[in-house]
Amino acid sequence: MSELDLQVPAAFDPFAEANADNSGAGTKDYVHIRIQQRNGRKSLTTVQGLKKEFSYNKILKDLKKEFCCNGTVVQDPELGQVIQLQGDQRKNVSTFLVQAGIVKKEHIKIHEQTAGDLFLRQEY
C-alpha cells in the first residue's frame, strides 16, 4: 500500500509549452498582408495583426522610408489598427518584418491576388 502512495503523478499543465512561447505574433495569431485594388493600376498594401505593444507609427515611418512610399495607420472597429501602404509592397513588408525581428516568418500570411486583380494588370 505504501508504494501506491509514492507514485501519485504531479499536476500536468498541457498548455505550459504554448504559454512559454510568446514571441513575435504569438502561437496562433498571424500577421496578414493583403493587397487592395483601388482604381486602375493603383493598389494599397494592408498589414494587420501586429501585436498592440508595438508602435505602429514607428513601424510605418520605417516602412515608408525603406520603400519610398506613402502610408498611414487606420483604426478599424473590427480589425484594430491597420497599416496601409501605397503600391504592392507585400513581399517587401514581409521581409522587413522578419529582418526587424517583429514577426517570425511562419506567422506571416501573404494573401495573393485574386483573378480580378490579375485581369486589371493585363496589358492590352
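Trainee: What makes Ser43 and Leu44 count as residues that Arg38 touches?

Mentor: In this predicted model, Arg38 touches Ser43 and Leu44 once residues up to four places away in sequence are set aside; a contact here means heavy atoms within 4.5 Å, so both residues have heavy atoms within that distance of Arg38. Arg38 itself is found in the loop between E1 and E2, and its C-alpha atom is separated by 9.8 Å from that of Gly87, which is 49 residues apart from Arg38 along the chain.

Trainee: How do you know that strand E1 and strand E2 pair?

Mentor: Two strands pair if DSSP finds at least two bridges between them, and six bridges join E1, residues 31–37, to E2, residues 43–48, so these strands meet the condition. They run antiparallel, and within this pairing the bridge partner of Ile35 in E2 is Thr45.

Trainee: What makes E3 and E5 the edge strands of the sheet?

Mentor: Five strands form an open sheet in the order E3-E4-E2-E1-E5, with mixed pairing. Strand E3 (71–76) and strand E5 (108–110) are its edge strands, as each pairs on one side only. The twist from one strand to the next averages 25 degrees.

Trainee: Which strands do helix H3 and helix H4 touch where they pack on the sheet?

Mentor: Helix H3, residues 56–67, touches E3 and strand E4 (80–86), and its direction makes about 10 degrees with that of E4. Helix H4, residues 90–99, touches E1, E2, E4 and E5, and its direction makes about 160 degrees with that of E1. Since angles run from 0 to 180 degrees between N-to-C directions, the value for H3 and E4 lies toward the lower end of that range, whereas the value for H4 and E1 lies toward its upper end.

Trainee: Why is the set of residues that includes Val47 and Leu50 called a nonpolar core?

Mentor: The name is given to buried residues of certain kinds, Val, Leu and Ile among them, that are joined through side-chain atoms within 4.5 Å. The largest such core has 18 residues, and those with the most contacts inside it are Val47, Leu50, Leu63, Ile83, Val93 and Leu97; being members, these six are therefore buried, with under 20% relative accessible area. E1, H3, E4 and H4 each supply at least two residues of this core, and H3 gives the most, with five.

Trainee: Which residues does Leu50 touch?

Mentor: Not counting residues up to four places away in sequence, Leu50 touches Val31, Tyr56, Ile59, Ile83, Leu97, Ile102 and Val103.

Methods. Residues are numbered from 1 along each chain as its sequence is written. This is a predicted model: local features need pLDDT of at least 70, side-chain atom pairs count only at pLDDT 80 or more; totals for chains, interfaces and linings use all residues. Side-chain values use heavy atoms; hydrogens and water are left out. Helices (H or I, at least four residues) and strands (E, at least two) are DSSP runs, numbered from the N terminus. Buried means under 20% relative accessible area, exposed over 50%, partly exposed in between (1.4 Å probe, protein chains only).
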